[in-house]
Amino acid sequence: MPRFFTQTISREGGSITGDDAKHIAKVLRMKIGEELTVCDTKGYDYHCMIESLSDKEVTLKVLSAEESQSEPSVKVHLYQAMPKGDKLELIIQKAVELGVDSITPVMTRRCVSKPDAKSMAKKLERYNRIALEAAKQSGRGKIPQVKPLLELNEALDEMAETSCPILFYENATAPAKEVIDQAGQEIAVLIGSEGGFDESEVVKAKEKGCQVLSLGKRILRCETAPLAALSIIMFETGNMQ
């Protein structure tokens with residue numbers, strides 16, 4: 001069943017406008033009386049029937065509503081050191097599929113890519129479009145937000161507000177399982193760029209309350225590590241079963 005996101009929906013009814021309305025009318029060629037699923041971006045699914053449609057607006061009758069079954073029981077916030085090229089696009093797409101709650105790019109000492117504010121603003125628009133499309137494709141009940149770029153200290157301060165801040169580090173030896181099993185309902189994960197973390201940054205993270213953990217004995221690429229970390233977390237918390 002086709003799936004769309006809109007903030008203009010409640011149990012009384014709703015509507016879809018803009019590009020999605022055009023897609024429903026012109027591309028999918030849906031008709032009055034046909035059914036689709038609409039998410040309110042907050043984790044609720046609405047089973048709807050089309051009451052009227054044009055390429056500008058589709059009005060909906062809500063047949064039933066329920067909390068989305070596809071949202072994980074744990075909120076995972078990914079803090080990703082800025083990688084080169086278009087690697088972050090892949091990370092965003094796959095992280096959304098795996099159930100991430102938010103993604104924040106972070107500037108660390110060994111980042112090769114150092115976008116200025118203007119170029120980052122343009123990138124952010126594209127990043128959030130990628131998150132939206134990935135949320136649709138994977139049946140998510142919400143759209144994970146890609147947030148503005150932070151410096152490392154800012155990211156560590158935000159991470160400290162969660163119940164379980166973790167830095168995954170190639171030189172760490174502590175396994176993730178025991179920490180994740182006791183993590184609580186909100187986890188923040190920090191992953192390095194191509195060059196990893198400077199040792200002083202790892203020390204700083206520890207001082208801010210991060211647990212420094214390992215993803216195994218092999219060195220993972222910066223686009224592989226966050227997906228491995230998310231997969232482990234989702235499995236250990238019962239969200240991939």
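Here is a walk through this structure, from a strand to a helix and then to some salt bridges. The model is predicted, so local features need pLDDT of at least 70 and side-chain atom pairs count only at pLDDT 80 or more, while totals for chains, interfaces and linings use all residues. Residues are numbered from 1 along each chain as its sequence is written, and side-chain values use heavy atoms, with hydrogens and water left out.

Let's start with strand E11, residues 164-168. The labels for helices (H or I, at least four residues) and strands (E, at least two) come from DSSP runs, numbered from the N terminus. Five of the five residues of E11 are buried, so the strand is largely enclosed by the rest of the structure. Buried here means under 20% relative accessible area, exposed means over 50%, and partly exposed is in between (1.4 Å probe, protein chains only). Look at the two faces of E11: Cys164, Ile166 and Phe168 are buried on one side, and Pro165 and Leu167 are buried on the other.

Which strands pair with E11? One is E12 (residues 186-191), which pairs with E11 in the parallel sense over four bridges. Two strands count as paired if DSSP finds at least two bridges between them. Across from Cys164 you'll find Ile187 of E12. E13 (residues 211-213) also runs parallel to E11, joined to it by three bridges. Here Leu167 has Val212 of E13 as its bridge partner.

Now over to helix H3, which covers residues 117-138. Its 22 residues should span 32 Å at 1.5 Å a residue, and the end C-alpha atoms are 31 Å apart, which agrees. The expected span is 1.5 Å times one less than the number of residues in the helix. Right after H3 comes Gly139, with a positive phi near 75°.

Which residues of H3 are buried? They are Met120, Leu124, Tyr127, Ile130, Ala131, Ala134, Ala135 and Lys136. An α-helix has 3.6 residues a turn, so residues three or four places apart point the same way. What covers the buried residues of H3 includes strand E1 (3-5), helix H1 (18-27), helix H2 (87-98), strand E8 (102-107) and strand E9 (145-146), where contact means heavy atoms within 4.5 Å.

One of those buried H3 residues, Lys136, takes us to the salt bridges. A salt bridge is a side-chain nitrogen of Lys or Arg within 4 Å of a carboxyl oxygen of Asp or Glu, and the structure holds 13 of them. Lys136 forms one with Asp20, and their closest N and O atoms are 2.9 Å apart. This pair links distant parts of the chain, with Asp20 in helix H1 and Lys136 in helix H3, 116 residues apart. Asp20 is buried at 16% relative accessible area, and Lys136 is buried at 17%. Asp20 and Lys136 also belong to a network of salt bridges together with Glu133.

Another salt bridge brings together the side chains of Asp101 and Lys142, at 2.9 Å from N to O. Asp101 sits in the loop between H2 and E8, and Lys142 in the loop between H3 and E9, 41 residues apart. Asp101 is buried, with a relative accessible area of 12%, and Lys142 counts as buried at 19%.

Last stop: Arg109 and Asp198, whose side chains meet in a salt bridge at 3.5 Å, N to O. Arg109 lies in the loop between E8 and H3, Asp198 in the loop between E12 and helix H6 (199-207), 89 residues apart. Is Arg109 buried or exposed? At 56% relative accessibility, Arg109 counts as exposed, whereas Asp198 is buried at 18%.
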